[in-house]
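Trainee: Could you take me closely through one part of this model, the place where the two domains of the first chain meet, and then set that contact beside the other charged pairs and the contact between the chains?

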Amino acid sequence: MYKKIKNNGIIPIAEIPVLEYPAFADEVSHLLDSSACHCVNYYAVPFNNRLQYFCFIANDETNDICILSHQTENSPEVKLESLAKKHFALHIFEREIHENFGIQFDGHPWLKPVRYPFNRADKNQVPDNYPFYRIESEELHEVGVGPIHAGVIEPGHFRFICDGEKVLHLEIHLGYQHRGVEQLFIKKNSTLQRCILAESIAGDSVIGHSMAYAGLMESLSGKQANDRLSIERVVAMELERIAIHIGDTSALSTDVAYQFGQVVNEALRTLVINTTQLWCGNRFGKGLIRPFGTHYPIDAMLADKMLATLKDVGERYLQITDRIYNLTSVLDRFETVGEITRKQAEKIGAVGMAARTTGLKRDIRHSHPFAGYHHIAYEPVLLTTGDVLARGFLRKLEVEQSLDLVNKLLERIKLIDIPSEKPIFDLKLQPSQLGISLTEGWRGEICHSAVTNEQGEIIHYKVKDPSMHNWMALALAVRNQEISDFPICNKSFNLSYCGHDL
Amino acid sequence: MLFDEIKIFMRHGQQFIPDVTKVELAPLFRGRPEISASITAEEAGVAQQLCPTGAIGTSPASINLGKCVFCKECHFLFPEKIRFTNDYKIATNNPDRLIIKAGDNSPVTLDADLVRKEIKSFFGHALKLRQVSAAGDNACEMELNACGNVNFDMGRWGIEFVASPRHADGLVITGPISENMAQALEICYHSTPNPKLLILVGTDAISGGIFADSPALNRDFLNKYPIDLYVPGNPAHPLTFINGVLELTRGKR
């Protein structure tokens with residue numbers, strides 16, 4: 001008993017069947033038994049003095065998103081049987097529901113805090129008393145890192161349990177970046193404010209998140225963006241992917257002391273983000289994505305400039321990555337380090353690159369296309385070894401693929417005669433609907449969903465960054481590795497703190 | 001093998017920007033805004049209504065760079081009256097200079113009288129900074145990393161980011177400062193030896209930006225300690241940061 005919609009679909013809230021919890025648990029469990037399905041998001045919202053739970057399960061083969069729902073009292077007295085016992089991928093979502101509303105999940109492996117939100121159910125839970133897993137032993141020692149790290153990066157705390165140089169266990173405690181994004185989406189009632197908010201969720205995924213927001217607003221308004229805009233959005237999305245992947249290639253080179261690889265890639269990344277700046281005036285694409293239109297259409301002259309730069313970048317990136325991935329001293333550091341198996345990836349519900357490097361074909365561009373991806377026969381690149389090398393090398397392959405795609409689209413844009421539309425900020429959203437919008441950022445699957453009331457106002461907004469699934473992949477990858485390999489393992493995933501903490 | 005590297009090296013060529021004070025950024029880059037003196041109070045009021053972060057004032061018409069997220073929507077509303085130039089030198093030590101008034105198209109500069117005397121003698125030759133991201137969205141953090149890359153190469157002036165606050169001459173804060181990060185920031189500040197600089201980078205750090213009224217923030221820290229430099233931007237461009245820091249520590253160049 002559940003409803004199915006497609007990506008960027010909406011459904012009247014009244015049409016979503018509210019199941020009894022045992023029936024809900026059976027349906028979720030049954031769906032997740034299929035390897036084609038994974039949980040996109042599972043969360044609870046206060047609704048008519050009760051708590052309504054929504055679970056979105058994406059089926060990559062039928063391209064459907066299944067929506068399941070159940071309700072309970074909104075009280076910390078409520079006890080539910082944990083679904084994470086059988087389907088571990090749900091652990092993080094049950095933790096979040098527990099943290100927000102105090103709901104107990106019987107049999108959950110560890111109901112620890114996720115991000116210490118300002119409106120959490122139990123204010124006695126503070127970052128200082130995070131319940132770390134411990135092993136009592138005189139032979140082991142703990143290493144604590146953070147929240148402030150050595151580099152110029154976001155804050156988070158990592159606690160290692162080590163046997164000599166070997167990591168037995170890593171626990172990642174986040175929450176320092178919590179800004180109350182989801183509440184602000186409701187509080188800020190102008191479309192422009194919400195655009196800015198979506199752009200500010202994660203500065204490295206500006207396009208990914210702002211496009212998820214724009215897609216959601218467009219479908220809740222009952223109309224779609226025109227074809228020209230859809231294609232321009234794919235260009236923006238792929239430029240973001242190219243820039244970050246090249247930056248990560250640079251960072252991975254840094255961490256194994258291959259300075260030549262570092263500096264060449266740094267310079268190439270500059271060329272790519274400066275192309276975005278040439279297009280819209282911001283190196284990260286802030287201000288580019290708006291509902292129904294854009295202030296920065298691509299004309300033939302701009303397209304030619306972009307094509308010339310990207311051609312140069314493509315050639316030089318190929319040159320340097322050929323060198324990097326043929327150097328014994330680099331391969332020795334990357335190969336068989338920080339491995340994730342396909343089985344582990346499936347179990348934790350990994351998405352994006354973390355999944356695709358284990359042979360798991362999970363890519364929203366392919367399975368639940370959005371924007372212009374509908375018109376592109378896109379086939380994800382897969383690797384199978386699941387180690388740092390695979391995650392590094394997948395970036396190289398994806399950069400080549402994205403450059404190829406962007407080239408084709410820019411050539412197509414030059415010929416297109418659909419006029420460019422201006423953004424629309426005065427949106428009339430359809431009343432009493434639930435909308436879901438998925439995009440594939442460079443990190444993986446991003447999900448924005450919202451509920452409107454009878455007046456068409458947003459009364460609930462939920463954001464999910466791919467990092468929510470994938471932080472567990474990092475924790476598993478460093479097990480039994482040298483602690484000195486942590487930096488390259490971490491960099492190979494390059495997960496978001498602010499996207500996780502919201 | 002080595003030949004491959006030489007080939008790449010040759011094609012790579014010179015990457016560093018020889019003079020960071022004279023770079024011409026892309027025409028669309030959103031830097032220092034200019035408001036026409038002919039803007040009416042009514043127009044300014046309409047722009048104020050639209051502004052997502054309350055950066056626009058009406059009497060006289062003005063834009064506060066500490067609050068502005070550089071979305072440029074006010075320009076699209078009144079293209080003749082408000083424009084964003086590609087002038088990236090918008091860092092200042094005087095919060096009043098962050099407010100750009102109608103008709104005032106002069107560049108944003110530092111107020112030499114407000115620069116503490118010890119800054120030039122202590123930090124004029126080399127400067128080690130500790131960066132703290134306090135709920136920053138990672139855009140400003142990436143731009144600060146870019147300051148040290150082969151293009152901007154801020155290391156040539158002996159300016160770099162260090163791993164420990166105990167090795168640092170000052171703190172660079174990004175992000176609107178979340179409640180959950182407030183304590184770590186305070187500890188970090190006190191771990192940095194005196195005399196020290198305090199630099200705010202990005203609109204989120206200066207005013208809270210789009211997050212300004214979020215209950216998840218705790219910005220008390222900023223009321224307690226003197227701030228030496230404001231570097232506006234969303235995110236702040238590496239050239240804004242580098243030029244601001246150079247002017248602060250070495251005077252007008």
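Mentor: This is a predicted model, and a good place to begin is the domain assignment of chain A, which gives domain 1 as residues 3–114 and domain 2 as residues 181–501. The C-alpha centres of domain 1 of chain A and domain 2 of chain A lie 26 Å apart, and their contact takes 34 residues from domain 1 of chain A and 37 residues from domain 2 of chain A. Between these two domains of chain A an area of about 3,000 Å² is buried, with carbon and sulfur atoms giving 62% of that area. On the side of domain 1 of chain A, the residues A:N7, A:N8 and A:I10 supply 22% of the area that this domain buries against domain 2 of chain A, which is more than any other three residues supply.

As for charge and polarity across that interface, the rule finds one salt bridge between domain 1 of chain A and domain 2 of chain A. The side chains of A:E96 and A:K462 meet in a salt bridge, with an N to O distance of 3.1 Å. Polar contacts join 15 residue pairs across the interface of domain 1 of chain A and domain 2 of chain A, counting pairs in which both residues are at pLDDT 80 or more. Turning to secondary structure, the elements of chain A that each supply at least two residues to the side of domain 1 touching domain 2 are the strands β2 (10–12), β4 (37–47), β5 (50–59) and β6 (64–73), together with the helix α2 (91–101). Of the elements on that side of domain 1 of chain A, β4(A) gives the most, with eight residues. By residue class, the side of domain 1 of chain A that touches domain 2 of chain A divides into 22 nonpolar, nine polar and three charged residues.

The charged pairs elsewhere deserve the same care. Side chains of opposite charge can pair when their charged atoms come close. Over all chains, the count by this rule comes to 50 salt bridges. One of them is formed by the side chains of A:K361 and A:E379, at 2.8 Å from N to O. This pair links distant parts of the chain, 18 residues apart, since A:K361 sits in the loop between α11 (352–356) and α12 (364–367) of chain A, while A:E379 sits in the loop between α12 and α13 (388–415) of chain A. A:K361 counts as partly exposed because its relative accessibility is 37%, and A:E379 is likewise partly exposed, with a relative accessible area of 41%.

In chain B, the side chains of B:E34 and B:R32 meet in a salt bridge at 3.2 Å, N to O. B:E34 has a relative accessible area of 12% and is therefore buried, and B:R32, with a relative accessible area of 8%, is buried too. A further salt bridge is the one between the side chains of B:E118 and B:R116, at 3.1 Å from N to O. Here B:E118 counts as partly exposed at 27% relative accessibility, and B:R116 counts as partly exposed at 25%. Back in chain A, salt bridges that share partners join A:E238, A:R241, A:R356, A:D363, A:R365, A:E398 and A:E440 into one network.

Finally, the contact between the chains takes 65 residues from chain A and 61 residues from chain B. The area buried between chain A and chain B is about 5,300 Å², and carbon and sulfur atoms give 57% of it. On the chain A side, A:V152, A:R179 and A:R323 supply 13% of the area that chain A buries against chain B, more than any other three residues. Between chain A and chain B the count is seven salt bridges. The side chains of A:E315 and B:R11 meet in a salt bridge at 2.8 Å, N to O. For polar contacts, the rule finds 33 residue pairs across the interface of chain A and chain B, with both residues at pLDDT 80 or more. The elements giving two or more residues to the side of chain A that touches chain B are the helices α3 (181–187), α4 (191–199), α7 (259–280) and α8 (300–324) of chain A, and α7(A) gives the most to that side, with eleven residues. The residues of the side of chain A that touches chain B divide into 31 nonpolar, 17 polar and 17 charged.

How values were computed. Residues numbered from 1 in each chain as written. Chains lettered and ligands numbered in written order. Predicted model: local features only at pLDDT ≥ 70, side-chain atom pairs only at ≥ 80, totals over all residues. Heavy atoms only, no water. Domains from an automatic or database assignment. Contact = heavy atoms within 4.5 Å. Buried area = accessible area lost by both parts, 1.4 Å probe. Salt bridge = Lys/Arg side-chain N within 4 Å of Asp/Glu carboxyl O. Polar contact = N/O pair within 3.5 Å; in protein donor to acceptor, adjacent residues only side chain to side chain. Helix = DSSP H or I, 4+ residues; strand = E, 2+ residues; numbered from the N terminus. Nonpolar A, V, L, I, M, F, W, Y, C, P; charged D, E, K, R; others polar. Buried < 20%, exposed > 50% of the residue type's maximum accessible area, 1.4 Å probe, protein only.
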